[in-house]
Every structure is written in C-alpha cells, then in structure tokens.
Amino acid sequence: MESLEEKIKQAGDLKTLETVRIEIFGKKGVLAAEFAKMKEVPNAEKKAFAQKLNITKAKLTELFDTKKMMLEAEAIQEMMAKDGVDVSMYHGKPVSGALHPVVETMNRIIDYFVALNFSVEEGPLVEDDFHNFEALNLPKHHPARDMQDTFYLNDGMVLRTHTSPVQIRTMQKSKPPVRMISPGSVFRRDFDLTHTPMFHQVEGLMVDASGKISFANLKWILEDFLKYMFGDVKVRFRPSFFPFTEPSTEVDISCIFCKGEGCRVCSKTGWLEVLGSGMVDPNVFKAVGYEDVSGYAFGLGVERFAMLIHQIGDLRSLFEGDVRLLEQFR
Ligand code: PHE
C-alpha cells in the first residue's frame, strides 16, 4: 500500500503516471488482484477485508486524481512558456504619423495671414481661359503666356497654372476692400530637380479704396512675413515683370545657408528668390469691374519654402511617398 502511494507521488510526468495507473487500477492491476483474493477469504472476515480494500482504493484514487491534476497544470504551464510571446520584451517604437512637409509649411504660411485677418479662399483646379489668363491681363497670343507651361484640356479649359485666378474669382464675388490668401495646387508641364508637374502656391491679395494701399504696405508685410518664416534674414525687392502687376517685383532673402556669403544653394549670389509680387495692374481691376481702388498681390511656391526650411535638395522626393523621407518629419 505504502509503496503504491509512493509510486503515484513520484510520477514526474503524465506518461509515467499513466503507467502507474495501469499498474494499480488496470484490469490486471494490483487492486484487481487484491479483490480477486476475496474468494479465498473465510466468510467471517470477508466484510472487514472488503472494507479495508475499498478504503485503500479510495485513498489511492484520490491521490491519483490530485496528482493527475497537478501534472496537467504543469504541462499547460510548460507549453505556454514554450509557445507564448513575452509582450514585455517588445521594444519597437510605436509608429506615429506626421504632416507632410508641404502641408506643414502651408499651414504655417496660412497661420501668419489668418492672424492678420486675411480670408482663405479656394478656386477650381480646372480653370477657364478667362480666369487663368485673360482677366489677369494675359490676352490671347500674349507672349507672357509662354511663362507658364500650360496643360490644356480638350474643351479649351486648362489646369490652373497659378493661384492668381482665385484673385479674380474673389473680386468678382465681393466688393472692396478685399484681404485674402489662396493656398492650393497648381499645374505646369515641367519636370526636373526643381520642378514637378503639380506643386503648391499661396496667393495673396489686398485691395482697398484708391490710395489706401501702397507699395510700402506690400513691402512691410512681405518683409515681416519672410522674417516670420525664415528668421533673421535680409529682404530685397528686385524689379521684375508680371502681366497682372505694375510695378512688379521679385523678392529675395539673404541666403539662409551661407548668411549671404555666397554658396552652392544661392549660386554664389548670397540671395535666394522666394516670391513674386507687385501692385495690381489697372487692367485686372477693369476685368472684374473694380473702380477707384488700389492693391497689391503676391504669389509664392510652398515647395520652395519647404525645401529651404528643411534643406531638401530634390523637389521630386517630396512626392515619391517614401516613408523614410516622411519619417524625418515626425
Ligand atoms: N502668379 C505668379 C506666378 O505663378 C506669382 C505672382 C502672383 C506674381 C501675384 C505677382 C503677383 O509665378
């Protein structure tokens, strides 16, 4: 009896325990053999013999059941330890999103002008000839139309080549004074290191009664705006030509990489061109039916700003959707 209990207790795994079970409880096992001895026991002792044997059987059964439960639990633990994943060992950084540098730059630009009470206007990407060219003092066959490599659609419409048509639409739908910006995508047939067929501009327009808006206002706001975007830079206004402004100027900032000393980025000039601007041409006001007003307008390329701010060399990389580039802006 004692040795049987020991055998159960000592079984180290379920397989061994099963062998022990057959040895004790099986048809040819120890208990069966003991019960078989009943026949030879004298009648008077039969009862006591059976009772003792039943108690032994009950004890062994209980011991066996307990042992089996323990070994099964151990086996499950062992299996889980082997196949399980230790989540506390995971060290990967969680992946978080970030704004695309063009969107982030555009938002910064918008913030500046919204704080000065400019409204934010939008226009269609597919434009008619009137809004994209004609009303902007670019009549048909005007040579300056070649300044923009236009995508023409079959029905005479175009993909807008700049955000300037939104100036026209905004003046058409409202009376002066006007104070608006218009961010959005524009399209030109061009593709190299610094040109993509789609890019983004922010247009600006301020119009008020004749004499109220002067070149000095334009100069002040662009200087202030460029310092807000690029920090402590010098700002230079260079005479230029746009059909829709007169006079027209292109605006440069002192090179943010060499501080004006001259380097590769600024082609040794010390200056970076960042904007086109000017006083709105009277012909533009005529086209929208505005009288006795004056105003300024400007337009800038958002990608150019983003590339300078983040020192991105190839414009095309902004549109390849490579997460390795985007991950740098998290
Ligand atoms: N529309 C011009 C361009 O795309 C930029 C500009 C806007 C210039 C407004 C002057 C005034 O190049």
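In this predicted model, C266 makes a convenient starting point: with 3% relative accessibility, this cysteine is buried. The cysteine sulfur closest to that of C266 belongs to C258 and sits 3.7 Å away, too far for a bond. C255 is likewise buried, at 2% relative accessibility. For the sulfur of C255, the closest cysteine sulfur is again that of C258, here at 3.6 Å, which is also too far for a bond. Because a disulfide requires two cysteine sulfur atoms within 2.5 Å, neither distance qualifies. The count of disulfides comes to zero.

Attention turns next to the pockets. The largest pocket has a volume of about 1400 Å³. Its lining is made up of 49 residues, and T194, H195, E273, G301 and R304 are the closest to the centre. Several elements contribute at least two lining residues each, namely the strands β5 (198-209), β6 (235-242), β7 (245-254), β8 (271-280) and β9 (293-301), together with the helix α10 (302-310). The largest share, seven residues, is supplied by β8. By character, the lining of this pocket comprises 20 nonpolar, 18 polar and eleven charged residues.

The second largest pocket has a volume of about 200 Å³. Ten residues line this pocket, and E34, F49, K52, L53 and T56 lie nearest its centre. Two helices, α3 (30-36) and α4 (43-83), each provide at least two residues of the lining, with the largest share, five residues, coming from α4. Seven of the lining residues of the second largest pocket are nonpolar, one is polar and two are charged.

Terms used. Residues numbered from 1 in each chain as written. Predicted model: local features only at pLDDT ≥ 70, side-chain atom pairs only at ≥ 80, totals over all residues. Heavy atoms only, no water. Buried < 20%, exposed > 50% of the residue type's maximum accessible area, 1.4 Å probe, protein only. 1 Å grid on protein atoms, 1.4 Å probe; cavity = no way out; pocket = protein on both sides within 12 Å on 5 of 7 lines; lining within 4 Å. Points joined across faces, edges and corners; volume = space filled by probe spheres on them. Helix = DSSP H or I, 4+ residues; strand = E, 2+ residues; numbered from the N terminus. Nonpolar A, V, L, I, M, F, W, Y, C, P; charged D, E, K, R; others polar.
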